[in-house]
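Reader: I should like a close look at the internal spaces of this model, and at the salt bridges and cysteines that accompany them. Please treat the matter as one connected account.

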Amino acid sequence: MTFKEELGRRAAVVEDYLVTCLRGKDVPDRLLRSMEYSLLAGGKRLRPVLVLSWNGLLGGDRAQAMPFAASLECIHTYSLIHDDLPAMDDDDLRRGRPSNHKQFDEATAILAGDGLLTEAFGLMSAASLVEGLPAERVLRAISVLARAAGAGGMVGGQAVDMELTGRTGVPLEELKKMHAMKTGALLTASCECGAILAGAGEADIVNARDFGRKIGVAFQIVDDVLDVVGDTATLGKPAGSDEAMGKTTYPSLIGLDKSKTLAREYVDEALTHLSGYFGGEQEFLWQLARYIVDRVY
């Protein structure tokens, strides 16, 4: 089985679980359709896969960690719905389909994002009801994820992104900080929470966290590069939108070639945090890190 096939298999397992997450609840029909329209729109399910992979690598039970992993996808999906809104990035296309607010309407899209964020914390807390998973692990993981998704993490990063849009002369360090919040925080939390839920020691949790930070930077650099060299059909969203909106990106600051080199350097650094581990999960995470940067070669 190739790496892409294995990634697809793992994503499909997450997808099967996500299908069950909103069903059986007293949710108004239009709101439910809007939430599921975006939540079940496909994708690589990278964040929940990272939760489950680090959990498995460090001896956890991935079935126990699945509710928490699904919560990461709910938070990520809510952020995409809100990012696409006219008041934010004003994108009409997401994953090759009309954005949520184009398929439904702005008010419904806002509420769908709100609903997914709230459901995410319901899923997180439900993980404490899984037999054999200590509540203190779940509580610590919830705290980590709340910080990563909140005003000091993803939400704050989006706010800074809007402040920087259209501004010239943005320093590279300011761009790095913004992306560490907007994109990197949730990827970092995915790895860290997987380790915490496995009951890992502090050294392993730090390794997971640092791995997540490094691939988070690489992931954003590659996204910036693909916005320049990719096409709408492949990306599933409008190509060239960053430049059109006046966003500062890695290619706009340091050029395409240096951006590619920098992304590879961050992946190489991330791989050092896997050097003390062995087995199938270590190999998968190794290949996943490489896959992130190989998309631009």
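Author: The account below takes the cavities, then a pocket, then the salt bridges, and finally the cysteines and one histidine.

The model is predicted, and every value given here is computed from its atoms.

Two cavities of 30 Å³ or more are counted. The largest cavity has a volume of about 120 Å³. Its lining comprises 13 residues, and those nearest the centre are Tyr-37, Ser-38, Ala-41, Arg-94 and Asn-100. Helices α2 and α4 and strand β2 each contribute at least two residues to the lining of the largest cavity, with α4 giving the most, three residues. In character, the lining of the largest cavity is made up of five nonpolar, four polar and four charged residues.

The second largest cavity holds about 30 Å³ of space. Lining the second largest cavity are Lys-176, His-179, Ala-180, Gly-184, Gly-216, Val-217, Gln-220 and Tyr-250. The elements that supply two or more of these residues are α9 and α10, and α9 gives the most, with four residues. Three of the lining residues of the second largest cavity are nonpolar, four are polar and one is charged.

Helices α9 and α10 also take part in an open space. Together with α7 (135-149), α9 (172-197) and α10 (202-229) each provide at least two lining residues of the second largest pocket. This pocket has a volume of about 330 Å³. It is lined by 17 residues, and the closest to its centre are Ala-185, Thr-188, Glu-192, Arg-209 and Arg-213. The largest share of the lining of the second largest pocket is six residues, from α9. By class, the lining of the second largest pocket consists of seven nonpolar, four polar and six charged residues.

Charged side chains lead to the salt bridges, of which 24 are counted. One of them joins Lys-25 to Glu-119, with the closest N and O atoms 2.5 Å apart. This pair spans distant parts of the chain, 94 residues apart: Lys-25 is in the loop between α1 (3-21) and α2 (29-39), while Glu-119 belongs to helix α6 (residues 106-126). Lys-25 counts as partly exposed because its relative accessibility is 40%, and Glu-119, at 22%, is also classed as partly exposed.

A further salt bridge brings together the side chains of Arg-62 and Glu-281, at 2.5 Å from N to O. Here the partners are 219 residues apart, with Arg-62 in helix α4 (residues 62-83) and Glu-281 in helix α15 (residues 280-294). Arg-62 is partly exposed, with a relative accessible area of 39%, whereas Glu-281 is buried at 10%. The pair belongs to a network of salt bridges that links Glu-6, Arg-9, Arg-10, Arg-62 and Glu-281.

Helix α4 has a part in another such contact. Glu-73 forms a salt bridge with Arg-95, and the closest N and O atoms are 3.9 Å apart. Glu-73 lies in helix α4 and Arg-95 in the loop between β1 (93-94) and β2 (97-98), so this salt bridge ties together parts that are 22 residues apart in sequence. Glu-73 is buried, with a relative accessible area of 1%, but Arg-95 is partly exposed at 27%.

The cysteines form no covalent link of this kind, for the structure holds zero disulfides. For Cys-21, the closest cysteine sulfur is in Cys-74, at 5.6 Å, which is too far for a bond; the cut-off for a disulfide is 2.5 Å. For Cys-74, in turn, the closest cysteine sulfur is that of Cys-21. Both cysteines are nevertheless in the interior class: Cys-21 is buried at 8% relative accessibility, and Cys-74 is buried at 1%.

Lastly, His-101 is placed in helix α5 (residues 100-103). At 7% relative accessibility, under the 20% limit, His-101 counts as buried. Leaving aside residues up to four places away in sequence, His-101 touches Asp-84, Leu-85, Pro-86, Asp-91, Asp-92, Glu-106 and Ala-109.

Key
Residues numbered from 1 in each chain as written. Predicted model: local features only at pLDDT ≥ 70, side-chain atom pairs only at ≥ 80, totals over all residues. Heavy atoms only, no water. 1 Å grid on protein atoms, 1.4 Å probe; cavity = no way out; pocket = protein on both sides within 12 Å on 5 of 7 lines; lining within 4 Å. Points joined across faces, edges and corners; volume = space filled by probe spheres on them. Nonpolar A, V, L, I, M, F, W, Y, C, P; charged D, E, K, R; others polar. Buried < 20%, exposed > 50% of the residue type's maximum accessible area, 1.4 Å probe, protein only. Contact = heavy atoms within 4.5 Å. Salt bridge = Lys/Arg side-chain N within 4 Å of Asp/Glu carboxyl O.
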